[in-house]
Amino acid sequence: MRKDLKWESDLHYPTSGNVRPWTYDQNRYMDMTEPLRSTMTKNQYLKVLVACGYYDMATPLGGIEFNVSHLAYDAAVTSRVSFSYYEAGHMIYIRPSAHKALKQDIAKFIRGNSGPAAASATQD
């Protein structure tokens, strides 16, 4: 920023969010399966795109794949979850090739889930 934008400041720039107090069960990952299952059961129109980085050590893709496969044991729910995979870590958007693919996948997901008018417009 200093070099490219010629911007100077003595302000502190935090490189990670303040998440304290961080409360979690030791040696376990956060499992949001139940709130997602409940929400998707109540809203039959809700669709979810899960973006996975192959090298993500913060939210490993095997964990989310496992959680979604056990989401509701109901194809009416699990069929509304789609996955996209990237040659990247947790912050998919910082690798230019993965960023481009992520942007395209999100745009495709939005276009494909924007209702009947949008769906017919994308087919023309």
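Where along the chain is the place of methionine 32? Select this residue to begin the tour: methionine 32 sits in the loop that runs between helix 1 and helix 2. The model on display is a predicted one, and each stop below should be viewed with that in mind.

**Overview of the chain**

Display the whole protein chain as a cartoon. The chain contains six helices and two strands, and their order along the sequence is α-α-β-α-α-β-α-α. Of the 124 residues in the protein chain, 17% are buried. A surface representation of the chain exposes about 10,100 Å², of which carbon and sulfur atoms supply 58%. A contact map adds a further view: among contacts between residues at least 6 apart in sequence, 62% join residues at least 24 apart.

Next, colour by confidence. The average pLDDT of the protein chain is 81, and 77% of the residues score at least 70. Select residues 117-121, where the pLDDT is below 50; beyond near neighbours in sequence, this stretch has two contacts in the model. Where pLDDT is low, predicted coordinates should not be read in detail.

**The loop between helix 1 and helix 2**

Return to methionine 32. Its relative accessibility is 47%, so methionine 32 counts as partly exposed, a class that lies between 20% and 50%. Place a distance monitor from the C-alpha atom of methionine 32 to that of leucine 71: the two residues are 39 residues apart along the chain, and the separation is 9.7 Å.

Lysine 6 belongs to the loop between helix 1 (2-5) and helix 2 as well. Select it and inspect the backbone torsions: phi of lysine 6 is near 55°, a positive value in a residue other than glycine. Lysine 6 counts as exposed because its relative accessibility, 65%, is over the 50% limit.

**Threonine 33 in helix 2**

Now select threonine 33, which is found in helix 2 (residues 33-42). Is threonine 33 buried or exposed? Its relative accessibility is 13%, which is under 20%, and therefore threonine 33 counts as buried. Show its surroundings: with residues up to four places away in sequence set aside, threonine 33 touches Asn67, His70 and Leu71. With asparagine 67 there is also a polar contact, side chain to side chain, at 3.3 Å.

**Leucine 71 and the nonpolar core**

From threonine 33, move to leucine 71. Apart from neighbours within four places in sequence, leucine 71 is in contact with Thr33, Leu36, Arg37, Met40, Val77, Thr78 and Val81.

Which residues make up the largest nonpolar core? Select Met40, Val48, Val50, Cys52, Leu61, Val68, Leu71, Val77 and Val81; these are its nine residues. Strand 1 (48-53) and helix 3 (61-69) each supply at least two residues of this core. Strand 1 gives the most, with three residues. Another core, of five residues, lies apart from this one; among them are Ala88, Ile92, Ala98 and Leu102.

**Glutamate 65 in helix 3**

Select glutamate 65, whose place is in helix 3. At a relative accessible area of 30%, between the 20% and 50% limits, glutamate 65 is therefore partly exposed. Leaving aside neighbours within four places in sequence, glutamate 65 is in contact with Phe83 and Tyr85. The C-alpha atoms of glutamate 65 and phenylalanine 83 are 8.6 Å apart in space, and the two residues are 18 residues apart in sequence. With tyrosine 85 the interaction is a polar contact between side chains, at 2.6 Å.

**The aromatic cluster**

For the final stop, show the aromatic rings. How many aromatic pairs are there? The count comes to three. One of these is formed by phenylalanine 83 and tyrosine 85, with 6.1 Å from centre to centre and 15° between the planes. This pair is stacked because its planes are under 30 degrees apart.

Both partners have intermediate accessibility. Phenylalanine 83 has a relative accessible area of 27% and is partly exposed; tyrosine 85, at 33%, is likewise partly exposed. Extend the selection to Tyr54 and Tyr55: together with Phe83 and Tyr85, they form one aromatic cluster. Keeping glutamate 65 in view links this cluster to the previous stop, through its contacts with Phe83 and Tyr85.

Definitions and conventions:
Residues numbered from 1 in each chain as written. Predicted model: local features only at pLDDT ≥ 70, side-chain atom pairs only at ≥ 80, totals over all residues. Heavy atoms only, no water. Helix = DSSP H or I, 4+ residues; strand = E, 2+ residues; numbered from the N terminus. Buried < 20%, exposed > 50% of the residue type's maximum accessible area, 1.4 Å probe, protein only. Polar contact = N/O pair within 3.5 Å; in protein donor to acceptor, adjacent residues only side chain to side chain. Contact = heavy atoms within 4.5 Å. Phe/Tyr/Trp six-rings, centres within 6.5 Å; stacked < 30°, edge-to-face > 60°. pLDDT = per-residue confidence, 0-100. Areas by Shrake-Rupley, 256 points an atom, 1.4 Å probe, with all protein chains shown as cover. Core = buried A, V, L, I, M, F, W, Y, C linked by side-chain atoms within 4.5 Å.
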